[in-house]
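Take a walk through this protein with the model open beside you. Pause at each stop and find the residues on screen.

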Amino acid sequence: MKAKWQNDINFFSTLTPRRAWNMLKIYVSFYISKYLKKPIQWGKPFSIAIEPTTSCNLRCPECPSGLRSFTRDTGMLEPEMFESIIDQVYKHVNYLTFYFQGEPYLNKHFLSMVSYAKTRNIYTATSTNGHFLTNKIAEKTVESGLDRLIISIDGTTQDTYEQYRIGGNIDRVIEGAKNVIRWKKKLKSKTPFVIFQFLVVRHNEHQIPELRKIAKEIGVDQVILKTAQIYDYKHGNPLIPLNDKYSRYKKMPDGTYEIKNKMENSCWKLWHSCVVTWDGRVLPCCFDKDARYVMGYMSDKSFDKIWWGNRYYKFREKLVRSRQEIDMCRNCSEGCTVNINYDF
């Protein structure tokens with residue numbers, strides 16, 4: 001629990017008066033928009049996700065990167081573009097996720113970009129499949145100042161793990177986690193806050209107790225059990241867990257499945273955050289994995305012009321009027337995502 005408190009302190013230490021005021025404006029305008037059913041936006045995003053790459057070494061069956069199913073190009077974020085984005089947003093952004101699609105550690109500039117964001121007093125987080133956390137890279141990860149490291153580990157044995165993480169090696173993931181924790185101790189660093197994230201599906205849900213045991217033995221700070229987003233769920237799917245509390249979907253009397261949450265004509269993500277792809281496309285949220293709803297291009301316009309632009313306004317307007325009209329929203333299970341956390 002001490003690590004959890006330290007992690008919270010790290011986050012709140014990034015809240016300057018200017019950022020806090022911006023955050024307040026976001027909250028107020030969001031709830032006024034819900035009440036008036038009109039898109040009112042008074043602030044800028046305080047959270048942003050920037051994509052280091054769309055490339056990935058694994059072939060996970062519910063992931064566009066793993067399936068190699070993108071229609072958009074695969075590529076790597078260049079440091080010059082990253083620094084340009086950060087220089088434009090750091091006065092109001094205090095939480096940066098180095099992840100959208102792909103494996104961040106495949107970008108050779110990834111950790112230097114983390115270090116640059118830290119010079120702007122931004123809380124930094126990433127999610128990785130853990131296959132590149134060698135002893136050397138683990139040391140550099142700790143030295144970079146990364147605040148939060150999520151390691152996806154969807155099984156405790158190789159035969160279970162590889163059913164979803166196709167092409168992966170569980171021993172390599174566990175060794176990578178050990179490397180990071182060892183370097184945290186060696187360098188007397190409080191960061192990164194290390195999380196094991198377990199995507200609960202039918203074939204691995206029985207391994208949750210074993211996962212907690214392994215995490216505690218290694219010295220991981222937290223375990224998160226995350227419900228899985230499944231694209232083809234209507235007529236059932238072998239990935240849907242048997243335990244209902246780990247599922248985003250409910251079985252109907254006719255045997256079909258529906259998303260648990262009720263779709264409202266509002267979306268918190270459209271007010272407080274956005275996504276920037278490796279090539280500078282600004283997207284409304286992380287459900288737009290194939291970048292179909294581009295609000296603007298950082299190569300052509302400043303971030304402010306995109307955020308306050310007509311395209312963004314029209315998108316928010318459509319959402320508060322009838323979210324059902326936006327196809328990516330129809331499969332949005334964000335409202336019923338369940339994260340069950342275990343802190344050590």
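**A guided walk**

The lining of the second largest pocket holds 8 nonpolar, 3 polar and 5 charged residues. Keep in mind that this is a predicted model. The pocket encloses about 330 Å³ of space. How do we know where empty space is left? Rolling a probe the size of a water molecule over the atoms shows it. Which residues lie nearest the centre of this pocket? They are Tyr 231, Phe 287, Lys 289, Asp 290 and Arg 292, out of 16 lining residues. Helices contribute to the lining too. Both α3 and α13 (327-330) supply at least two residues each.

Now go to the loop that leads into α3. Thr 53 sits there, between β1 (47-50) and α3 (64-67). Is Thr 53 buried or exposed? Its relative accessible area is 0%. Buried means under 20%, so Thr 53 counts as buried. What surrounds Thr 53? Beyond its neighbours within four places in sequence, Thr 53 is in contact with Gly 75, Met 76, Gln 101, Gly 102, Glu 103, Leu 106 and Trp 278. With Gly 75 there is a polar link: a polar atom of the Thr 53 side chain lies 2.9 Å from the backbone oxygen of Gly 75.

Next comes helix α4, residues 79-89. Its buried residues are Pro 79, Phe 82, Ile 85, Ile 86 and Val 89. Look down the axis of α4: these buried residues fall within an arc of 125°, so they line one face of the helix. The spacing in sequence helps to explain such a pattern. An α-helix has 3.6 residues a turn, so residues three or four places apart point the same way. What does the buried side of α4 pack against? Its buried residues meet β1, β2 (95-97), α5 (110-119), β9 (273-276) and α11 (303-307).

Follow the chain to α5, where Ser 112 is found. Ser 112 has a relative accessible area of 43%, so it counts as partly exposed. Its side chain reaches the backbone oxygen of His 109 at 2.7 Å. Now compare sequence with space. Ser 112 and Lys 140 are 28 residues apart in sequence, while their C-alpha atoms are 9.2 Å apart.

Lys 140 leads us on to the next helix. In α6, residues 135-144, the buried residues are Ala 138, Thr 141, Val 142 and Ser 144. They fall within an arc of 160° seen down the axis of α6, so they too line one face. Which residues are exposed on the other side of α6? Lys 136 and Glu 143 are. The buried residues of α6 pack against α5 and α8 (170-186). Just after α6, Gly 145 takes a positive phi of about 95°.

Positive phi values turn up elsewhere, in residues other than glycine. One is Asn 121, with phi near 55°. Asn 121 lies in the loop between α5 and β3 (123-128). Asn 121 is partly exposed, at a relative accessible area of 31%. Another is Lys 188, also with phi near 55°. Lys 188 is in the loop between α8 and β5. Is Lys 188 buried or exposed? Its relative accessibility is 74%, so Lys 188 counts as exposed.

Stay in that loop a moment longer. Pro 192 has its place there as well, between α8 and β5 (193-200). A cis peptide bond joins Thr 191 to Pro 192, with omega about 0°.

For the last stop, return towards the start of the chain. Thr 14 lies in the loop between α1 (2-12) and α2 (17-36). Thr 14 is buried, with a relative accessible area of 1%. Which residues does Thr 14 touch, leaving aside its neighbours within four places in sequence? Its contacts are Arg 19, Asn 94, Asn 121, Ile 122 and Tyr 123. Asn 121 is the residue we met earlier, with its positive phi. The contact with Asn 94 has a polar part, for the side chains of Thr 14 and Asn 94 make a polar contact at 3.3 Å.

Terms used. Residues numbered from 1 in each chain as written. Predicted model: local features only at pLDDT ≥ 70, side-chain atom pairs only at ≥ 80, totals over all residues. Heavy atoms only, no water. Helix = DSSP H or I, 4+ residues; strand = E, 2+ residues; numbered from the N terminus. Buried < 20%, exposed > 50% of the residue type's maximum accessible area, 1.4 Å probe, protein only. Polar contact = N/O pair within 3.5 Å; in protein donor to acceptor, adjacent residues only side chain to side chain. Contact = heavy atoms within 4.5 Å. 1 Å grid on protein atoms, 1.4 Å probe; cavity = no way out; pocket = protein on both sides within 12 Å on 5 of 7 lines; lining within 4 Å. Points joined across faces, edges and corners; volume = space filled by probe spheres on them. Nonpolar A, V, L, I, M, F, W, Y, C, P; charged D, E, K, R; others polar. Arc of directions from axis to C-beta.
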